[in-house]
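Thanks for making the time. I would like to go through one structure with you, so please have the viewer open.

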Amino acid sequence: MTPAHATPIGDSRRRIPALTCRQCGGDNPVAAKFCRSCGAALGLTCAACGEPNAADSRFCVECGAGLQPVGRSASPASYTPRHLADRILATRSAIEGEIKQVTVLFCDLCDSTALAERLGAEEMHALLERFFERAMAAIHRYEGTVNQFLGDGFMALFGAPIALEDHARRALFAALDIRGAMTDPALLPGAEVRVRMGANTGPVVVGKIGDDLRTDYTAVGDVTNVAARLEQHASPGEIVASADTRRLAGDLLAYESIGPVTLKGKSTAVEAYRVVGAASRQSTARKADRARGPLVGRERERQTLVDLLERLESGQGMALGLVGEPGIGKSRIVAEARALIAERGMTCLESRCLPFTQSVPYSVVLDLVRGECGIDDFDTPEDISGKVRFALATFGLADEERVTAVLALLGVKDPGDRSAPAAVKRRAFDTLRALALRGSRLRPTVFLLEDLHWIDKGSEEFFAEVVGSVAAAPVMVLASYRPGYSPPWIGRSDAVQLALRALSADDSARIVAAASPALPAAAAAAVVSRAGGNPFFLEELARAVGVPGLAVPETVHGVIAARIDRLGGHAKRVLQIASVSGREFSAGLLDAIWDGPESIDDALRDLVRGEFIYERFGGDDTYVFSHALTHDVAYASMLERHRRSWHGAIGATIEREHGPTPPLELLAHHFGLSDDHDKAIDYAIRAGERAQRRWAHAEALGFLERALARLDTLPESAPNVPESAPNVRWRIDAVLKQSEARFALGQHAKHLSALDAIGGLVERAGDPPRRAAWHYWVGFLHSLTGSRPEIAIAHCERAASIAHEHGVEGIEAYARSCLAQVRLFTGELREGLAVGEAAVAAFESRGELWWASRTLGHLSPIANALGDWDRAAAYAQRALRHATTLDDQRLKIMALLRAASTVIQRGDAAEGLRLCDEATALEPAPFDMTTVRAMRGYGLVKAGQLSEGTASVTTSDLSG
């Protein structure tokens, strides 16, 4: 065969097949009942695959597509192809109530009012029936569903009820087929029928699916509205797609930019594209090659390619299979193979299998033949015949039997040929195989086939024969496919299979850096963690970082959602419920909440076999999602109300199983995403307290903020809600318990505002411990934020008084500790020592060493101010001992700084700087580091290093 020229992809699937008379072989319009050449009765030819059927057939015997004209009021079950209807009904329990990414296609008949007026009601009705018949054949060919009939048009969905990873591409190919079908003269003899179409992509909610396939849909956002407006914007004969649809449909189609268009009801213009047709084979390949990133982590695979091509040059034929999950890099290896083949001057014959061509007989073989012969969509039968004869004659294969057989395969039949179809197929296969073998004598030949898992049976049979006859010829079949598909030739001794594995973390980081060079290191690391070594996922996630509201890019979402939808209903439902549990989950937990009659174990085995999850070995029943994005897509497909219900069930089960020592953080997570307000708030506050005890300030704030956010959705001060109601107390607690975390993070002024906001609630609640705590923290923070000292003193004394009166000893001591600090600021040093010593004694007697150490930190600078260096040093050492006992890094840092302050004031700057270095080595938090720099600057100034000391002090910001 000769190399392909830059001709458009020939695709017989987009042609309206003629109805062939079995008696005389003449071509007739599809709607004809009798042959126009001989008058014989005609059967029905399937518009989807070209298969002849009996005249009274309702569905095609080859592909299941509907054959009979349908009414717009008919039940969807009456016109939906059986194979598609069966898939929907078999999995509807798992599909109902899901969020799906879809492409919406609107289509209507142009100038229908004028047509109706000219034709009359009866003939217009017949025209509409013929129009809908052809349109639905195209919709169903690409596994779309007609959702609504709209007078002289319709709305179709691609990607729902059943997810399709390439829904945008299918929708636009279907639109091209519909437009092409309008050129059939049988549609409206003597006149032109034109349609206009609009397509947009986005999420919809799939509702209940009835036995007749009627389905409730709810569009999320304005997905449907934009599609309808784009259709209205289109001129007669035009297909207009949104930017999202164009991006997801990819480069198998050709487009023209319309630019931003203003649509009714939209405040901003929408980028739109005119769909021209199918892209040329070579332009598609060039775009793919330009778009490819660096070949990373595939050195072994590339070397295998080089070795096999060298064997091919020596005359040894073979087959190579590239197998791997979607996105793992098969296409990138194919692109590398294409470059290596070109470098060696070999013949490369390429085709890509598409999911919607599996039911089209010989679609891949026909694609190759049409491309190599230079046949395009506008060629007449005479043109096609001439091109085929020329190609075969080039290699001495142009005898009439061979030409007739190849033309018959292309749909150009010789009326005088009465050969049986099986004999014609055999001659065509033999001819094409001979063509490849003879062409390889001039140059080694490589068949490059992508996505072989979608190959039609006829083409699969042909390539099995090719592989079986090339052992001693320089012909190679190189095919990529997904796990679960096994080529019939893969077991041969001259066949090699390469399984592509996930990339390492280092190689993944290189992919991310190439895709998004400016991505911050932390974001790049997060992408690497989520993508699981899948190159496509790595690139798409890297480019999507920072896109508002984009959890999983649509391109990635589509691939994974389609895989999930191919599961059985039981396994899919288990996978979704497992996603609610988390990336890692327990089979026992799922079993405890499972409400179905089927076994959980059976579903888990199916999911493991399908590589959706894997079992973590170690004697327990723990499973892990094989990919973080699989978990995310499975979770996102569920309606929010369903997720909330399962989160609540999981939380209740965990709570029941763990008794008095529950995992607070886990319960806060699950109940926080459930409908149980009380438990959501309670566990969030308790988890925040636990995080604070571990000095995990950010985590503590996170839990407490979640509690406050949930409280914002509940009534607080309505007349029928008492001040002692739990939500009132919880709000006070959530704010008060943030105090330590915000203090440690230096958020003094911010938290003081939050405390002021709940002051009225605190007073009305009348709860002494909470009132005392509120006054203490308000006073303490006023002492740090530049307020007048008397404000801080008044609040702290009020806190101590309330606490003493009601026997709340802890808060009384806290208030006295704060008063010691405030007395230092006001210069009331003796009073500060007295109240601070009393507080320390109370803390140490109660074993509260943390508070004792902190209060000693107030007493040390008071002693310094009095000139009592030994006493100040003793306080600092005592604080350091308590901090060491508690192994509290922050208390150690503060004690070291108090000791440094004392020795610097005594005149030993060198020892003070050493203590500052010791504090720095403990890696202070940002706020504490400002204190360290300030103290170090003080020491440098005292040591005579004025410029260095000034610089250190001025880089400190203690404003909080």
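I will take one helix, then a pair of helices, and then some salt bridges.

Before that, a caveat: this is a predicted model.

Start with helix 15, residues 421-442. The helix has 22 residues, and its first and last C-alpha atoms are 32 Å apart, close to the 32 Å expected at 1.5 Å a residue. Its buried residues include Val424, Ala428, Phe429, Leu432 and Leu435. The list of buried positions also holds Thr431, Arg433, Gly439 and Ser440. What do these buried residues pack against? Four helices and two strands are involved: helix 12 (363-373), helix 13 (381-394), helix 14 (400-409), helix 16 (457-468), strand 15 (445-450) and strand 16 (475-481).

Now the pair of helices. Two packed helices are described by the angle between their axes and the distance between the axes. For helix 20, residues 554-565, and helix 24, the axes come within 9 Å and cross at roughly 75 degrees. Helix 20 is therefore roughly perpendicular to helix 24. On the helix 20 side, the contact is made by Val556, His557, Ile560, Ala561 and Ile564. Helix 24 contributes Leu629, Thr630, Val633 and Ala634. Sorted by class, that contact has seven nonpolar residues, two polar and no charged ones.

Let me stay with threonine 630 for a moment. Threonine 630 sits in helix 24, which covers residues 628-636. Is threonine 630 buried or exposed? Its relative accessible area is 6%, under the 20% cut-off, so threonine 630 is buried. Leaving aside neighbours within four places in sequence, threonine 630 touches Ile560, Ile564, Phe612 and Phe625. Ile560 and Ile564 are among the helix 20 residues I just named in the contact with helix 24.

On to charges. The count comes to 58 salt bridges, and I will show three pairs and one network.

The first pair is glutamate 165 with arginine 482, where the closest N and O atoms are 2.6 Å apart. Glutamate 165 is in the loop between strand 7 (153-158) and helix 6 (167-181), and arginine 482 is in the loop between strand 16 and strand 17 (495-499), so the pair ties together parts 317 residues apart in sequence. Glutamate 165 counts as buried at 19% relative accessibility. Arginine 482 is also buried, at 11%.

The next pair is glutamate 336 and arginine 302, with the closest N and O atoms 2.8 Å apart. Here the partners lie in two helices: glutamate 336 in helix 11 (residues 330-343) and arginine 302 in helix 10 (residues 299-313), so this bridge ties together parts that are 34 residues apart in sequence. Glutamate 336 is buried, with a relative accessible area of 11%, whereas arginine 302 is partly exposed at 31%.

The last pair is arginine 609 with aspartate 606, at 2.2 Å from N to O. How far apart are arginine 609 and aspartate 606 in helix 23? They are three residues apart, which means a separation of about one helical turn. Helix 23 covers residues 600-609. Arginine 609 counts as exposed at 59% relative accessibility, and aspartate 606 is partly exposed at 33%.

Finally, the network: Arg338, Glu350, Arg352 and Glu450 are linked by salt bridges.

That is the end of my list.

Note on methods:
Residues are numbered from 1 along each chain as its sequence is written. This is a predicted model: local features need pLDDT of at least 70, side-chain atom pairs count only at pLDDT 80 or more; totals for chains, interfaces and linings use all residues. Side-chain values use heavy atoms; hydrogens and water are left out. The expected span of a helix is 1.5 Å times one less than its number of residues. Buried means under 20% relative accessible area, exposed over 50%, partly exposed in between (1.4 Å probe, protein chains only). Contact means heavy atoms within 4.5 Å. Axes are lines fitted to C-alpha atoms, for helices over the stretch in contact, and angles run from 0 to 180 degrees between N-to-C directions. Angles under 35 degrees count as roughly parallel, over 145 as roughly antiparallel, 65 to 115 as roughly perpendicular and the rest as oblique. Ala, Val, Leu, Ile, Met, Phe, Trp, Tyr, Cys and Pro count as nonpolar, Asp, Glu, Lys and Arg as charged, and the others, Gly among them, as polar. A salt bridge is a side-chain nitrogen of Lys or Arg within 4 Å of a carboxyl oxygen of Asp or Glu.
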